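Got the viewer open and a hand on the mouse? Let's take a walk through this chain, one selection at a time.

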Amino acid sequence: MKKPDYHILICNSYRVAGDAQGKCNKKGASDLLQYISDECSDRGLDVAVSTTACLNNCTKGPVLVIHPNNEWYGGFDSEEVIDEILDGLESGEACADYLISE
Ligand code: FES
């Protein structure tokens, strides 16, 4: 199996029962999932996109993590912010305005 270059994890606030109820989901994370996948594809980025349960940073949500870079982003609430984050991924320089990790 060929591994993707990057894995983007997007908190969608899943709970044990499977329902998405938490802050990231309520703040619109699920609305941007398709855009993130499409934009990665359009840019030719080799990325797997997955949704997750709570990533324990609810107040900074919606939360998105890019591996293997271990970059944690918060507050991605629009396509424009996603574009900035993906611009950073392409350039090799994290998008500092939305980083919630150091
Ligand atoms: S619900 Fe997304 S970090 Fe908690």
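Leaving aside its neighbours within four places in sequence, which residues is Leu64 in contact with? Select Leu64 and look around: Ile8, Leu9, Ile10, Tyr73 and Phe76 are its contacts once those sequence neighbours are set aside. Keep in mind as you go that this is a predicted model.

**Stop 1: the core.** Keep Leu64 selected and add Phe76 and Ile85. These three have the most contacts inside the largest nonpolar core, a set of 21 residues. Now colour β1 (6–14), α2 (29–42), β3 (63–67) and α3 (79–91), since each of them supplies at least two residues of that core. As a bit of background, nonpolar side chains in soluble globular proteins tend to be buried together.

**Stop 2: the whole chain.** Zoom out and switch to a cartoon view. You should find three helices and four strands. Starting at the N terminus, the elements go β-α-α-β-β-β-α. Along the principal axes, the C-alpha atoms fill a box of roughly 35 × 35 × 20 Å. The radius of gyration is 13 Å, which agrees with a compact globule of 102 residues, because such a globule would have a value near 13 Å. Of the 102 residues, 30% count as buried.

**Stop 3: the sheet.** Select the four strands. They make an open sheet in the order β2-β1-β3-β4, and the pairing is mixed. Look at the edges next: β2 (47–53) and β4 (71–74) sit there, each pairing on one side only. On average, neighbouring strands are turned by 20 degrees against each other, direction ignored.

Zoom in on β1 and β2, which pair in the parallel sense over seven bridges. To see one bridge pair, pick Tyr6 and then its partner in β2, Val47. Now bring α2 back into view: this helix packs on the sheet and touches β1 and β2. The direction of α2 makes about 165 degrees with that of β1.

**Stop 4: two helices.** How do you describe a pair of packed helices? You give the angle between their axes and the distance between the axes. Select α2 and α3: their axes come within 11 Å and cross at roughly 35 degrees. The crossing is right-handed. For the side chains, show Leu32, Tyr35, Ile36, Glu39 and Cys40 in α2, which meet Glu79, Ile82 and Leu86 in α3.

**Last stop: contacts across the sequence.** Go back to the full view and colour by residue number. Of the contacts in the chain with a separation of 6 or more, 58% are between residues 24 or more positions apart.

Terms used
Residues numbered from 1 in each chain as written. Predicted model: local features only at pLDDT ≥ 70, side-chain atom pairs only at ≥ 80, totals over all residues. Core = buried A, V, L, I, M, F, W, Y, C linked by C-beta atoms within 7 Å. Buried ≥ 20, exposed ≤ 12 C-beta atoms within 10 Å, placed from the backbone. Contact = placed C-beta atoms within 7 Å. Pairing = 2+ DSSP bridges. Axes fitted to C-alpha atoms, helices over the stretch in contact; angles between N-to-C directions. Rg over C-alpha atoms; globule rule 2.2 N^0.38 Å. Left-handed = near helix turned anticlockwise from the far one by under 90°.
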